Amino acid sequence: MESVLADVFPNAVFIVTHREPVGRNASGAGLLAHYQVAYSDIDRAAACGATNLALWSFATEQQMKVRDAHPALPMLDIGYAELTGNAASVAEKIYAHAGLSLTPPARQAMGDWDRDNAQHKLGTYRYALEDFALTREMILARFESYVERYSRYF
């Protein structure tokens with residue numbers, strides 16, 4: 001919980017990333033399902049969908065409650081598309097949020113890494129909500145207040 005961390009580390013700043021919940025839950029369920037393959041040949045895709053949805057909807061609700069209860073916490077919101085589309089700009093924002101300056105060598109190194117490790121460099125992962133017994137409506141119902149509050153970051 002951010003408020004506890006802020007008590008222990010009074011100069012801490014927090015970065016919260018946001019991603020559209022339908023894609024985020026499909027991706028997360030897919031990742032969870034792939035972990036399961038290493039341990040069993042039983043298809044657990046539907047269970048992974050339900051587990052992922054329950055976990056992330058609960059975590060998201062808790063994070064919003066913390067923010068409501070502690071509005072003075074130094075939070076910086078970053079959208080997934082911004083992060084994956086312009087990491088150098090995001091790094092600048094994060095450093096500024098922390099009251100730090102990004103040095104030219106650090107900026108160059110980050111830009112080089114971002115250029116050399118572009119998203120989907122090694123291919124793309126294809127998934128469908130149906131693979132995990134999820135629907136768009138099911139996810140949006142669980143994330144309604146999150147979407148209302150943070151959709152500008154999607």
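1. The largest pocket. In this predicted model, the largest pocket encloses about 410 Å³ of space. Its lining is made up of 17 residues, and those lying nearest the centre of the pocket are Thr17, His18, Trp56, Thr60 and Tyr146. Two or more lining residues come from each of β1 (14-18), α2, α3, α4 (80-85) and α8 (144-150), and among these elements α3 gives the most, with five residues.

2. Chemical character of that lining. Sorted by class, the residues that line the largest pocket comprise eleven nonpolar, four polar and two charged ones. A reader looking at the structure may wish to start from the five residues nearest the centre, namely Thr17, His18, Trp56, Thr60 and Tyr146, and then to follow α3, the element that contributes most to the lining.

3. The second largest pocket. Here the volume is about 230 Å³, and the lining consists of 13 residues, with Arg19, Ser27, His120, Tyr125 and Tyr127 lying nearest the centre. In the second largest pocket the greatest contribution comes from α2, which supplies four residues, whereas in the largest pocket that place is held by α3. The lining of the second largest pocket divides into four nonpolar, seven polar and two charged residues.

4. The packing of α2 against α3. Helix α2, covering residues 21-37, packs on helix α3, covering residues 45-69, at an angle of about 125°, and their axes are 8 Å apart; the two helices are therefore oblique to each other. The crossing they make is right-handed. On the α2 side the contact is formed by Arg24, Asn25, Gly28, Ala29, Leu32, Ala33 and Gln36, and on the α3 side by Cys48, Gly49, Thr51, Asn52, Leu53 and Trp56. By class, this contact holds six nonpolar, six polar and one charged residues. Trp56 takes part in the contact with α2 and also belongs to the residues nearest the centre of the largest pocket.

5. The packing of α5 against α6. Helix α5 (residues 87-97) and helix α6 (residues 104-116) meet at an angle of about 145°, with 9 Å between their axes, and this crossing, too, is right-handed. The residues in contact are Ala87, Ala88, Ala91, Glu92 and Tyr95 from α5, together with Arg107, Met110 and Asp114 from α6. The contact of α5 with α6 counts five nonpolar, no polar and three charged residues, while the contact of α2 with α3 has six polar residues and one charged residue beside its six nonpolar ones.

6. The overall layout. The protein is built from eight helices and two strands, and from the N terminus on these elements follow the order α-β-α-α-β-α-α-α-α-α. Along its principal axes, the C-alpha trace spans about 50 × 40 × 30 Å. Within this layout, both α2 and α3 give two or more residues to the lining of the largest pocket, and α2 and α3 also pack on each other at an angle of about 125°.

Definitions and conventions:
Residues numbered from 1 in each chain as written. Predicted model: local features only at pLDDT ≥ 70, side-chain atom pairs only at ≥ 80, totals over all residues. Heavy atoms only, no water. Axes fitted to C-alpha atoms, helices over the stretch in contact; angles between N-to-C directions. Parallel < 35°, antiparallel > 145°, perpendicular 65-115°, else oblique. Left-handed = near helix turned anticlockwise from the far one by under 90°. Contact = heavy atoms within 4.5 Å. Nonpolar A, V, L, I, M, F, W, Y, C, P; charged D, E, K, R; others polar. 1 Å grid on protein atoms, 1.4 Å probe; cavity = no way out; pocket = protein on both sides within 12 Å on 5 of 7 lines; lining within 4 Å. Points joined across faces, edges and corners; volume = space filled by probe spheres on them.
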